[in-house]
Amino acid sequence: MGSTEDRRERRARRAVVGPANGTGAPGQPDATPIVPLSVADLAGAIELSASASWNQNEADWRLMLTLGRAWGIRATDAAGRERLAASVVALPYGSEFAWVSMVLVLPEFRGRGYASRLLAHALNELAWRGIGAILDATPAGHPIYVPLGFVDSWGFRRYRREAPAPAPAAPPPAAAARASGREAPAAAVRAPGDADWPAILGIDRPAFGADREALLRSLAARLPRAAHVAERGGRLVGFVFGRDGREATQIGPLVASDLATAGALLEAALSSVSGPVYLDLADRFAELVPWLQARGFAYQRPFTRMVRGLKTAPGDPSRIILVAGPELG
């Protein structure tokens, strides 16, 4: 796990972000206060992500609102209805860092500074507690986060499959592993059982940099047919999970000790689902791209994993093949 800055230094950085609430103008009252969100706000939260054509569904929002902290701004629309106009989520992983995501504003309320205020509020809350912040930035968001103290760590790219493609002509990932000299003995892939959880968490903690058992167990329960583990020589060497989404199934996270194992897990997970699929592939595993393209996947957009209040990115990203998603880490 990456080492953290002195907690007093993090708290001092609150001034860099700006006011956490209010308009930012001294002495002026705030007509649209920032309020905490809960599962009672699910309907408004789903409306927010749908308005941006994001993939989160009710289960995603329920998970984030249960495991993390979220804030929003309610405002009155042209028809006189009070709506959840904007949101932000901070999903903590232990006491070292939290994932910042779901910075959303309904189209009719954009241009009022709601996103900036909510992001500042979330970062200030984390800094006050001495917790680092991590987020996955799109190219459009990247220049916004740099002045706030975020720095680049590593990147990944999103790929989408509309529907299963015919049997591909491209070599499977195991063949790509042999070609790159990264081959390992074949691993047996199977569904996970209750007895596998200590080993799953033992693989995930050093890779991700924190304990995310609650998240992984939630994913395993949501889409059990996509959940697989890889076993070699009597021990687990990788796992993959997935989840349903508003627009597509998301496959990930996928953590493995080698490329051949990653390929076997990916093959099993993809074979278990039909219809549109998203996956977020770490840039360092670009040799898997031709295989994905032969399976009907098309490139969508890049993301940069950025950190604030941490000297380095946590964990060992060399074992993370697919991330869980920009909203989860």
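In the predicted model, D152 touches H142, T304, R305 and M306, leaving aside residues up to four places away in sequence. D152 belongs to strand 6, which spans residues 151–161. The side chains of D152 and H142 are joined by a polar contact of 2.6 Å. D152 has a relative accessibility of 47% and therefore counts as partly exposed, since the partly exposed class lies between the limits of 20% and 50%. A further distance locates D152 with respect to I134: the two residues are 18 positions apart along the chain, and their C-alpha atoms are separated by 10.0 Å.

A second polar contact involves S272, in the loop that connects helix 10 (259–271) with strand 11 (277–282). A polar atom of the S272 side chain lies 2.6 Å from the backbone oxygen of A269. Beyond the residues up to four places away in sequence, S272 touches R225, A226 and H228.

Helix packing was examined next. Two packed helices are described by the angle between their axes and the distance between the axes. For helix 3 (residues 42–51) and helix 4 (residues 58–67), the axes come within 10 Å and cross at roughly 120°. Helix 3 and helix 4 are therefore oblique to each other, as the angle falls outside the range of 65 to 115 degrees that counts as roughly perpendicular and is not over the 145 degrees required for roughly antiparallel. The crossing of helix 3 past helix 4 is right-handed. On the side of helix 3, the contact is formed by L42, A45, I46 and S49, which meet E58, W61, R62 and L65 of helix 4. By residue class, this contact of helix 3 with helix 4 comprises five nonpolar, one polar and two charged residues.

Helix 4 also packs with helix 9 (residues 213–222), at an angle of about 155° and with the axes 12 Å apart. That angle makes helix 4 roughly antiparallel to helix 9, because angles over 145 degrees are classed in this way. Helix 4 passes helix 9 in a right-handed crossing. Here A59, D60, L63 and L67 of helix 4 meet A214, L215, S218 and R222 of helix 9. The residues in the contact of helix 4 with helix 9 divide into five nonpolar, one polar and two charged.

Backbone geometry was considered at three sites. S53, located in the loop between helix 3 and helix 4, has a phi near 60°, a positive value in a residue other than glycine. With a relative accessible area of 49%, S53 is partly exposed, as the exposed class requires a value over 50%. M102 likewise is not a glycine, yet has a positive phi of about 55°. M102 lies in strand 4, which covers residues 97–105. The relative accessibility of M102 is 3%, so M102 counts as buried, the limit for this class being under 20%. The third site is the peptide bond from G252 to P253, which is cis, with omega near 10°. P253 is found in strand 10, formed by residues 249–256.

Terms used. Residues numbered from 1 in each chain as written. Predicted model: local features only at pLDDT ≥ 70, side-chain atom pairs only at ≥ 80, totals over all residues. Heavy atoms only, no water. Axes fitted to C-alpha atoms, helices over the stretch in contact; angles between N-to-C directions. Helix = DSSP H or I, 4+ residues; strand = E, 2+ residues; numbered from the N terminus. Parallel < 35°, antiparallel > 145°, perpendicular 65-115°, else oblique. Left-handed = near helix turned anticlockwise from the far one by under 90°. Contact = heavy atoms within 4.5 Å. Nonpolar A, V, L, I, M, F, W, Y, C, P; charged D, E, K, R; others polar. Buried < 20%, exposed > 50% of the residue type's maximum accessible area, 1.4 Å probe, protein only. Polar contact = N/O pair within 3.5 Å; in protein donor to acceptor, adjacent residues only side chain to side chain.
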